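Let's walk through this fold together, from the overall picture down to a few individual residues. Keep the viewer open as you read.

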Amino acid sequence: MARITDAQLMTHVRKLGDEHPPIRMESVDFTVNDPHRMRTTFAGVLDYLARVELEVDRNVLELLTIMPNASAVDRAFYHDVWWDQEIAHGKILDELKRRIHLPEAEPLLEVGYAVKALGALARFEPIQDVARCIYYFTGASTERQAVLAYNSFAQKLTQVGESAVRETIINPIKRQEPGHFAFYRLSAEKLMADEVLKPWQLFLARTVRARSYELVGTHNDPRYQAQMGEVVTRLGFDEHLHEYAKEIGRLEAKLLWAGRQGLDFPPYVLKALRESVDAYRERGAFAGTV
Ligand SMILES: [Fe+2]
Ligand SMILES: [Fe+2]
């Protein structure tokens with residue numbers, strides 16, 4: 001694997017910042033041709049996306065908890081580039097919801113117990129490297145889910161003729177997500193290529209990942225898991241869960257599990273997806289639709 005330097009990572013971050021300023025509210029055309037259909041079809045999707053974007057504040061708190069000594073390039077990414085972009089995504093999606101008379105998203109801003117526990121342990125240098133590894137793979141998985149969701153949502157909006165929302169909200173957001181994924185991918189590749197982790201640390205990282213893997217924004221809460229199942233279903237991924245799991249988990253299978261037993265994705269990715277879709281089928285659509 002080719003070595004990646006800190007300077008290359010920093011160049012990537014600066015380029016993201018230069019090429020992708022936060023999307024401005026004034027640039028958005030909030031025209032919705034059929035608000036009723038938008039509400040009945042996409043209330044759960046819009047609420048989920050808006051909430052998860054607005055939870056960027058929580059993500060920053062989490063990363064400060066588990067990586068008290070974040071590197072200069074990590075800091076440049078989340079502080080100078082990522083936060084501004086994500087919070088703009090969240091505010092714009094929430095404004096769209098307001099305009100079609102859906103309740104505002106309620107982002108969860110408190111750091112979870114598992115992260116606090118990991119943070120306490122991460123005061124020890126060897127554990128902090130494990131935390132860093134988990135942070136990069138969590139980020140890559142999260143951003144990959146965002147890329148896939150916005151791609152599919154843009155197509156669905158084409159089908160229902162909501163071109164203003166597609167062109168001025170979803171497509172501009174969609175263009176910013178791949179750069180986020182690329183940052184985490186490059187960071188994970190660098191960590192692995194530099195062989196920072198000893199075998200016991202890798203073992204620990206894999207164990208934590210396997211035991212605590214969650215889809216973005218589900219927070220171990222059955223309601224959010226069901227809503228994620230709704231998003232997966234509305235965006236048409238439920239028919240191809242294997243393929244979807246591969247898209248999300250491929251990087252992690254390759255780098256963290258080193259393609260073990262020919263794995264296309266770690267089994268816990270598919271398991272989390274199945275549980276979400278099942279929870280949705282049991283519990284029904286997000287309550288914001290009524
Ligand atoms: Fe985003
Ligand atoms: Fe993102």
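Helices here are DSSP runs of H or I with at least four residues, numbered from the N terminus. With that in hand, a first residue can be placed: Ala105 sits in the loop that joins H4 to H5. We will come back to Ala105 after a look at the whole chain.

What you see is a predicted model, so a word on confidence comes first. The mean pLDDT of the protein chain is 93, and 98% of the residues score at least 70. Among the elements, helix H7 (residues 163-193) has the highest mean pLDDT, at 97, while helix H5 (residues 113-121) has the lowest, at 84. As a general caution, predicted coordinates should not be read in detail where pLDDT is low.

Now for the architecture. The protein chain has eleven helices and zero strands. For its 290 residues, a compact globule would be expected to have a radius of gyration near 19 Å, and the chain agrees with this at 19 Å. Along the principal axes, the C-alpha atoms fill a box of roughly 55 × 40 × 35 Å. Buried residues account for 43% of the 290. Of the contacts with a separation of 6 or more, 83% link residues that are 24 or more positions apart.

How do the helices pack against one another? Two packed helices are described by the angle between their axes and the distance between the axes. A good place to begin is helix H1 (residues 6-19), which packs with H7 at an angle of about 175°, the two axes lying 10 Å apart. An angle over 145 degrees counts as roughly antiparallel, and H1 and H7 are therefore roughly antiparallel to each other. On the H1 side, the contact is made by Leu9, His12, Val13 and Leu16; on the H7 side, by Gly179, Ala182, Phe183, Leu186, Ser187 and Lys190.

H1 also meets helix H4, where the axes come within 9 Å and cross at roughly 5°. That angle makes H1 and H4 roughly parallel to each other. Here H1 contributes Asp6, Leu9, Met10, Val13, Leu16 and Gly17, and H4 contributes Val73, Ala76, Phe77, Asp80 and Val81. Leu9, Val13 and Leu16 of H1 thus appear in the contact with H7 and in the contact with H4.

Staying with H4 (residues 72-99), look for Tyr78 in this helix. Is Tyr78 buried or exposed? Tyr78 is buried, because 21 other C-beta atoms lie within 10 Å and the cut-off for burial is 20 or more. Setting aside neighbours within four places in sequence, Tyr78 is in contact with Val60, Leu63 and Trp83. Val60 is 18 residues from Tyr78 in sequence, and their C-alpha atoms are 7.4 Å apart.

This brings us back to Ala105, in the loop between H4 and H5. Ala105 counts as buried, with 22 C-beta neighbours inside 10 Å. Its contacts, apart from neighbours within four places in sequence, are Asp47, Ala50, Arg51, Leu54, Asp94 and Lys97. The C-alpha atoms of Ala105 and Leu46 are separated by 8.9 Å, although the two are 59 residues apart along the chain.

Further on, helix H8 (residues 199-212) offers a check on helix geometry: at 1.5 Å a residue its 14 residues should span 20 Å, and its end C-alpha atoms are indeed 20 Å apart. The buried residues of H8 are Leu204, Ala205, Arg206 and Arg209, and helix H6 (125-159) is included in what covers them.

The loop between H8 and helix H9 (222-234) holds His219, and Asn220 lies in that loop too. Most residues other than glycine have a negative phi. His219, however, has a positive phi near 45°, and Asn220 has a positive phi near 60°. His219 is partly exposed, with 15 other C-beta atoms within 10 Å, whereas Asn220 counts as exposed, with 11 C-beta neighbours inside 10 Å.

Our last stop is Arg283, in helix H11 (residues 267-283). With 16 C-beta neighbours inside 10 Å, Arg283 counts as partly exposed. Arg283 and Glu239 are 44 residues apart along the chain, and 19 Å separates their C-alpha atoms.

Definitions and conventions:
Residues numbered from 1 in each chain as written. Chains lettered and ligands numbered in written order. Predicted model: local features only at pLDDT ≥ 70, side-chain atom pairs only at ≥ 80, totals over all residues. pLDDT = per-residue confidence, 0-100. Helix = DSSP H or I, 4+ residues; strand = E, 2+ residues; numbered from the N terminus. Rg over C-alpha atoms; globule rule 2.2 N^0.38 Å. Buried ≥ 20, exposed ≤ 12 C-beta atoms within 10 Å, placed from the backbone. Contact = placed C-beta atoms within 7 Å. Expected span 1.5 Å × (residues − 1). Axes fitted to C-alpha atoms, helices over the stretch in contact; angles between N-to-C directions. Parallel < 35°, antiparallel > 145°, perpendicular 65-115°, else oblique.
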